[in-house]
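The following exercises concern the arrangement of strands and helices in one protein chain. Please study the sequence and the structure before reading each solution.

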Amino acid sequence: MAEEQKVKKEALEIIGQFQNLPRLVVFDLDYTLWPFYCEFGDEDENPYLYPQAKGILLALKEKEIDLAIASRSPTPEIAKPYLDKLGIRSMFVAEEIFSSWTHKTEHFQRIHRKTGIPFSSMLFFDDENRNIESVSKMGATSIYVSNGVNLNALRQGLSEFSRKSESSTSGSKRK
Ligand SMILES: [Mg+2]
C-alpha cells in the first residue's frame, strides 16, 4: 500500500509536467496491466498487477482522466472477475474484452462510440507492436510497453501525446 501511494505521488508529479493531457487512457490487459495471459488462469486464482500499475491508474483518475480497457483476450469471463478481485473494475468507463482478427481497431471504434472522445485525445498502452501500429494509424498516441505499464512508460506516453497535440494545434499553443 505504501508503495502504491509512492507511485501515485510520482505519477501525479509526472502528469503535472504536461499541459496537453489525454482525455482517455486505454490499457491492454495481458502483459500490460498484469504479467500473465489470463486465458491460462482460472477464477480461483488471485490475480496481481505489474508493481506500478495501480498507482498510475489512481493518479490518472485523480486528474479526472478517463480510463478504458482494450483487450483481445478470448476469456472475458476470467478477465472481468480478475478486474473485480483487483478492485479496479469500476475505474474504467469502457471495457472492451473480446478476441478479434483486427488489431484492436474494432475495440477502439467501440470505445469511441461509447465515450464520444476523439482518437486524437486518447493515449494507449499495449505490449504488441501490431496493435500499436494499427491504433496509432487511427490517430491515438500509442505506446509499446516491454515490461508492463510503469512510470517510464507513463512519462514517455504523456510526452509523445503532448508533442503530437502541439504539432496538430500549432498557433494555439498555451505557454
Ligand atoms: Mg497484451
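A crossover is called right-handed if, with the strands pointing away from the viewer, the path from the first strand over the helix to the second runs clockwise. The model used in these exercises is a predicted one.

**Exercise 1.** Determine the handedness of the β-α-β unit made by E2, H3 and E3.

*Solution.* Begin with the two strands: E2 comprises residues 66–71 and E3 comprises residues 92–97, and they pair in the parallel sense over 5 bridges. One of the pairs to locate is alanine 68, whose bridge partner in E3 is alanine 94. Next, add helix H3, residues 76–85; together with E2 and E3 this helix forms a β-α-β unit that is right-handed.

**Exercise 2.** State the strand order of the open sheet of 5 strands, and identify its edge strands.

*Solution.* Strands of a sheet pair through backbone hydrogen bonds, in either the parallel or the antiparallel sense. Here the order is E3-E2-E1-E4-E5, and the pairing is parallel. The edges are E3 and E5 (141–144), each of which pairs on one side only. On average, neighbouring strands of this sheet are turned by 15 degrees against each other, direction ignored. At the E5 edge, E4 (residues 122–126) pairs with E5 over 4 bridges in the parallel sense, and leucine 123 stands opposite threonine 141. Finally, helix H4 (residues 105–115) lies across E1, E2 and E3, and runs at about 150 degrees to E3.

**Exercise 3.** Check the length of H1 against the expected span, and decide which of its residues are buried and which are exposed.

*Solution.* The 15 residues of H1, at 1.5 Å a residue, should span 21 Å; the end C-alpha atoms are 21 Å apart, so the two values agree. Val7, Lys8 and Ala11 of H1 are buried. These residues cover an arc of only 105 degrees around the axis, and therefore lie on the same side of H1. Ala2, Gln5, Lys6, Lys9, Glu13 and Gly16 are exposed on the other side of H1. The partners of the buried residues of H1 are H2 and H6, against which they pack.

**Exercise 4.** Establish how many of the 10 residues of H2 are buried, and what they pack against.

*Solution.* Helix H2 covers residues 53–62, and 7 of its 10 residues are buried. They are Ala53, Lys54, Gly55, Ile56, Leu57, Ala59 and Leu60. These buried residues pack against H1 (2–16), E1 (24–27), E2 and H6 (151–168). After H2 comes glutamate 64, with a positive phi near 60 degrees.

Conventions: Residues numbered from 1 in each chain as written. Predicted model: local features only at pLDDT ≥ 70, side-chain atom pairs only at ≥ 80, totals over all residues. Pairing = 2+ DSSP bridges. Buried ≥ 20, exposed ≤ 12 C-beta atoms within 10 Å, placed from the backbone. Contact = placed C-beta atoms within 7 Å. Expected span 1.5 Å × (residues − 1). Arc of directions from axis to C-beta. Axes fitted to C-alpha atoms, helices over the stretch in contact; angles between N-to-C directions.
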